[in-house]
Structure formats: structure tokens, C-alpha cells
Amino acid sequence: AQDYTDERYAGYRGEAEQLREQRRQSDDAAIQQYNEAADRTAAAAKKPYESQLEQLPGEYQKMLDYNALQELVGQRQVAESMANMGLTDSGLNRTQQTALAVQRGNADAQVRLAQQRKTEELQEKIAQITESNAAQKIQQEAAVRSESDSWYNNLLADFYNRASQEGAALYDADRTRAAQAAEN
């Protein structure tokens, strides 16, 4: 009876492989569609952060320009004050001018640090969206593949049961024919 079952099962297994390949192609197409949709969603989620990143240099340049303007105003005020006191070429004048330059340098450093922090914050948000998107795509593909593997295993089990039943029936029919032939 096992030979009959094995023969029937071999035929069913070939059919199962064809069905499995069709399902694999369908799964690949579904996964590709999901990935494309996920990528579009992630791109839309990243867009505001990317726009902010592009605008940062201009925004912070305004602050640097303001610092330069403040330094110029301070230099003129010091120059005028020193001229009024008759100390235009004094050590005090140079000390105050140096203090203004140091003050601007410190202000510029704070602006650059703030810009760097904001840049890193925006880049981190973009990276989180990218990583989350990648993880979702992996999970979705794993779910689709797992479902198809379960379907295939169930299909093989059903085909084996069918082959066993048919094999037993064929074996019994052959034995009946042989017994009838022996009687005649």
C-alpha cells in the first residue's frame, strides 16, 4: 500500500510545488507593494525634518550676522567714547576692542553649538523614521513568508492524506482483482 501512496504523493507534491511557486510570486509582489508604500510613508514623515535641516544654515546665519552687527555697534560706541575722552590709541581702547571680539567669538560659538545640536536632533528623528520603516518592512515580509510556509505545510499534509487514502483504495482494488483472477 505504501508504494501506491508514495506514487500518488509524488504527483501531488509536483502540484504543490507549482502552487508554492505561484504563491511565492504573489508574496513577492505583495511584499514589494508594501515596501513601496512604507517607503512613501517614511519619506513623507521625514520631509518636514529634512526641510528644517535645509533651512538651518540660513536661520543660524542670521544669528551670526546679528552677532557681527552687535560687535560693530560696540566698536563704534567704544571708539566714540574713547575719542570723547581723548584715549583713541590707549591700552584701554584696545582692551575694550579685544573684549568685544571675544564676546562675539563666544556668541558665535554658542550659535554654532545650537545649530549643531539642532542638526543632530533632526538627523536623529530622520534616522528613527528610517530604522522604524526598515523594521516594519522586515516584520511584514516575515509575516507573509511565515503564513505561506504554514499554508504549504498544510497543503503537503492534506495531499499526503489524500495520497494515503487513494493509495489504500488502489491497493485494495488490486488485491480484490488478484483474488478474483485467482478464483477464476
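Q: A charge sits over a ring if NZ of Lys or CZ of Arg is within 6 Å of the ring centre and within 35 degrees of the ring normal. In this predicted model, over the face of which residue does Arg162 lie?
A: The distance from Arg162 to the ring centre is 5.2 Å, and the limit for such a placement is 6 Å. A further case is Arg20, placed over the face of Tyr152 at 3.9 Å from the ring centre. For Arg162, the residue whose ring face lies beneath is Tyr12.

Q: How many residues make up the largest nonpolar core?
A: In soluble globular proteins, nonpolar side chains tend to be buried together. The members of the core here are Tyr9, Tyr12, Ala16, Tyr152, Leu155, Leu156, Phe159 and Ala163. Helix 1 (2–85) and helix 2 (91–183) each contribute at least two of them. The full membership of this core is 8 residues.

Q: Which helix gives the largest share of this core?
A: Both helix 1 and helix 2 supply at least two residues of the core. The largest share amounts to 5 residues. Its source is helix 2.

Q: How many residues does the other core have, the one with Leu56 and Tyr60 among its members?
A: This core lies apart from the largest one. Its members include Leu56, Tyr60, Val111 and Leu122. The size of this core is 5 residues.

Q: Is Thr119 buried or exposed?
A: Thr119 belongs to helix 2, and, leaving aside neighbours within four places in sequence, Thr119 is in contact with Leu53 and Leu56. Its relative accessible area is 16%, whereas the cut-off for burial is under 20%. Thr119 therefore counts as buried.

Q: What kind of aromatic pair do Tyr4 and Tyr171 form?
A: The count of aromatic pairs is 3. For Tyr4 and Tyr171, the ring centres are 6.0 Å apart and the planes stand at 65°. Because an angle over 60 degrees defines the category, this pair is edge-to-face.

Q: How many residues apart in sequence are Tyr9 and Tyr160?
A: The ring centres of Tyr9 and Tyr160 lie 5.1 Å apart with the planes at 80°, so this pair is edge-to-face. Tyr9 is in helix 1 and Tyr160 in helix 2, so the pair links distant parts of the chain. Their separation is 151 residues.

Q: How many residues separate Arg8 and Glu166 in sequence?
A: Side chains of opposite charge can pair when their charged atoms come close. Arg8 and Glu166 form a salt bridge in which the closest N and O atoms are 2.7 Å apart. Since Arg8 is in helix 1 and Glu166 in helix 2, the pair ties together parts whose separation is 158 residues.

Q: Which residue forms a salt bridge with Arg24?
A: The closest N and O atoms of this pair are 3.4 Å apart. Both partners lie in helix 1, 3 residues apart, which means that about one helical turn separates them. The partner of Arg24 is Glu21.

Q: Is Glu147 buried or exposed?
A: Glu147 forms a salt bridge with Arg23, the closest N and O atoms being 3.5 Å apart. Arg23, at a relative accessible area of 21%, is partly exposed. Glu147 has a value of 51%, and the cut-off for the exposed class is over 50%. Glu147 is therefore exposed.

Q: How many salt bridges does the structure hold?
A: A network of salt bridges links Asp28, Glu141 and Arg145. For the structure, the count of salt bridges is 11.

Methods:
Residues numbered from 1 in each chain as written. Predicted model: local features only at pLDDT ≥ 70, side-chain atom pairs only at ≥ 80, totals over all residues. Heavy atoms only, no water. Core = buried A, V, L, I, M, F, W, Y, C linked by side-chain atoms within 4.5 Å. Buried < 20%, exposed > 50% of the residue type's maximum accessible area, 1.4 Å probe, protein only. Helix = DSSP H or I, 4+ residues; strand = E, 2+ residues; numbered from the N terminus. Phe/Tyr/Trp six-rings, centres within 6.5 Å; stacked < 30°, edge-to-face > 60°. Contact = heavy atoms within 4.5 Å. Salt bridge = Lys/Arg side-chain N within 4 Å of Asp/Glu carboxyl O.
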